[in-house]
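Please open the structure in a viewer and keep the sequence panel at hand. The stops below proceed by selection, each with a short account of what is found there.

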Amino acid sequence: MPTPLEDELGLGPVMHRVRKWSHSVFSRIGNGARPDDRRMLDPLTVNYAAWHEVRHTVREWPQYKEAANLIEILVSPEDWDEYWGIDTARKEASVAAYVLGKAQEKGYWIAGEPQVFVEPDDAVQIGEVEAICQFAEPENETEVTSASTTAEFEPLEPTVLEQQPAPETTVLPVTRSDGDGDASPEPPTLRFVDAKTAGEACLSDGEGFRLQLRSGDCIGAVVEEEDCPPEVNVRLDSDGFPYVEPKQCAIGVVDGRWTITNFAYHGTMVVTASGERLMLGTADPYPLEEGDIVYLGPSRPLRFELV
């Protein structure tokens with residue numbers, strides 16, 4: 001098990017491999033652990049083993065590097081019975097989150113969310129782990145666009161507001177049919193706004209957190225305020241938003257539509273209301289609809305809502 005200092009300095013994976021090597025060497029010369037000394041497999045060791053294997057299977061493309069998105073973790077039957085066979089899905093999700101975070105740190109692209117499967121194997125000893133990585137189709141059936149994709153949309157005619165006036169406001173009303181309760185839900189209806197008086201929008205997690213935004217706001221996360229670029233006016237605590245860059249993205253209005261513009265080196269992920277997954281990798285405005293999910297870090301999906 002790594003010490004807190006090793007983990008804080010990022011030395012956990014290295015020290016784990018050193019301890020594993022030294023333990024195997026001393027075992028061969030008769031000075032290792034006793035046969036009955038059961039060293040169970042801890043979660044961080046599995047995280048390190050999974051990421052170590054992912055790093056060694058990265059493949060390079062002309063404009064980016066791709067990490068494997070399917071990881072099979074093999075553990076001993078004893079470790080499976082003791083820990084990994086209990087609430088396995090949650091533990092697999094924890095490994096996937098660790099791998100995704102490390103991949104984003106390195107700038108690696110992954111097709112969809114990492115798929116992790118932990119299984120027992122009689123050939124694996126107590127306290128040991130074997131990781132096998134593959135490139136597979138994403139779990140979801142929607143298309144995943146790489147970080148190098150440029151977001152494009154058709155510009156709207158400047159006369160839209162004149163054609164559809166709204167009394168005492170520049171925000172056009174959103175009309176939806178009530179239905180009879182049995183009909184399938186209609187797709188989101190676009191709102192067209194005046195860039196100068198667009199009002200407010202927000203990013204919400206549905207559990208009480210709401211980030212109020214105005215057109216022109218620039219979002220970033222920093223450890224200390226003086227490290228923040230001057231144009232970033234919405235400043236997030238990096239402890240609560242890990243992997244958000246000092247200048248992540250901006251929210252604005254272009255041609256009557258709310259948009260998001262990526263400035264992050266590793267891109268900004270958006271999952272549209274229709275389910276399409278996009279990784280915005282260029283500084284081009286991408287149109288947002290109500291219900292789209294904006295990821296401010298892999299663990300903070302936030303729903304775009306109009307106020």
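The tour passes through two sheets, the nonpolar cores and a set of charged side chains.

The model is predicted.

**First stop: the sheet around β3**

Select residues 70-75, which make up strand β3. This strand belongs to an open sheet of three strands, ordered β5-β3-β6, with mixed pairing. Now add 115-120 and 129-134: these are the edge strands β5 and β6, each of which pairs on one side only. On average, and with direction ignored, neighbouring strands here are turned by 20 degrees against each other. Between β3 and β5 the strands run parallel and are joined by six bridges. To find the register, display Ile-71, which stands opposite Val-116 in β5.

Next, show the helices that pack on this sheet. Helix α3, residues 43-55, touches β3 and β6, and its direction makes about 35 degrees with that of β6. Helix α4, residues 77-84, touches β3 and β5; the angle between its direction and that of β5 is about 115 degrees.

**Second stop: the nonpolar cores**

Which residues have the most contacts inside the largest nonpolar core? They are Ile-71 and Ile-73, in a core of 26 residues. The elements contributing two or more residues to this core are α3, β3, α5 (88-106), β5 and β6. Centre the view on Ile-73 and display its surroundings: among the residues it touches are Val-46, Ala-50, Val-116, Val-118, Val-129 and Ala-131. Then move to Phe-241, Val-244, Ile-260 and Leu-288, which are included in a second, separate core of 25 residues.

**Third stop: a buried glutamate**

Return to helix α5 and select Glu-92. Glu-92 is buried yet has no salt bridge, and the nearest side chain of opposite charge, Lys-91, is 10 Å away. The residues that Glu-92 touches, apart from those up to four places away in sequence, are Val-116, Phe-117 and Val-118.

**Fourth stop: the sheet around β2**

Select residues 65-66, strand β2. The open sheet here has three strands in the order β1-β2-β4, and its pairing is mixed. Strands β1 (59-60) and β4 (108-109) stand at the edges with a single partner each, so one side of each has no neighbour in the sheet. The pairing of β2 with β4 is parallel, over two bridges. Glu-66 stands opposite Trp-109 in β4.

**Fifth stop: salt bridges**

Side chains of opposite charge can pair when their charged atoms come close. In this model, the count comes to nine salt bridges.

Begin with Asp-87 and Arg-90, whose closest N and O atoms are 2.5 Å apart. Asp-87 is partly exposed, with a relative accessible area of 42%, whereas Arg-90 is exposed at 51%.

Continue to Arg-277 and Glu-113, which meet in a salt bridge at 2.9 Å, N to O. Because Arg-277 lies in strand β15 (residues 277-280) and Glu-113 in the loop between β4 and β5, the pair ties together parts that are 164 residues apart in sequence. Arg-277 counts as buried at 9% relative accessibility, while Glu-113 is partly exposed at 33%.

Finish with Glu-305 and Arg-210, another salt bridge, at 3.3 Å, N to O. Glu-305 lies in strand β18 (residues 301-306) and Arg-210 in strand β9 (residues 210-214), so this pair ties together parts that are 95 residues apart in sequence. Glu-305 counts as buried at 18% relative accessibility; Arg-210 is partly exposed at 44%. Add Arg-303 to the selection to see the network of salt bridges that links Arg-210, Arg-303 and Glu-305.

Technical notes. Residues are numbered from 1 along each chain as its sequence is written. This is a predicted model: local features need pLDDT of at least 70, side-chain atom pairs count only at pLDDT 80 or more; totals for chains, interfaces and linings use all residues. Side-chain values use heavy atoms; hydrogens and water are left out. Two strands pair if DSSP finds at least two bridges between them. Helices (H or I, at least four residues) and strands (E, at least two) are DSSP runs, numbered from the N terminus. Axes are lines fitted to C-alpha atoms, for helices over the stretch in contact, and angles run from 0 to 180 degrees between N-to-C directions. Contact means heavy atoms within 4.5 Å. A nonpolar core is a set of buried Ala, Val, Leu, Ile, Met, Phe, Trp, Tyr and Cys residues joined through side-chain atoms within 4.5 Å. Buried means under 20% relative accessible area, exposed over 50%, partly exposed in between (1.4 Å probe, protein chains only). Lys and Arg count as positive and Asp and Glu as negative; His and the chain ends are not counted. A salt bridge is a side-chain nitrogen of Lys or Arg within 4 Å of a carboxyl oxygen of Asp or Glu.
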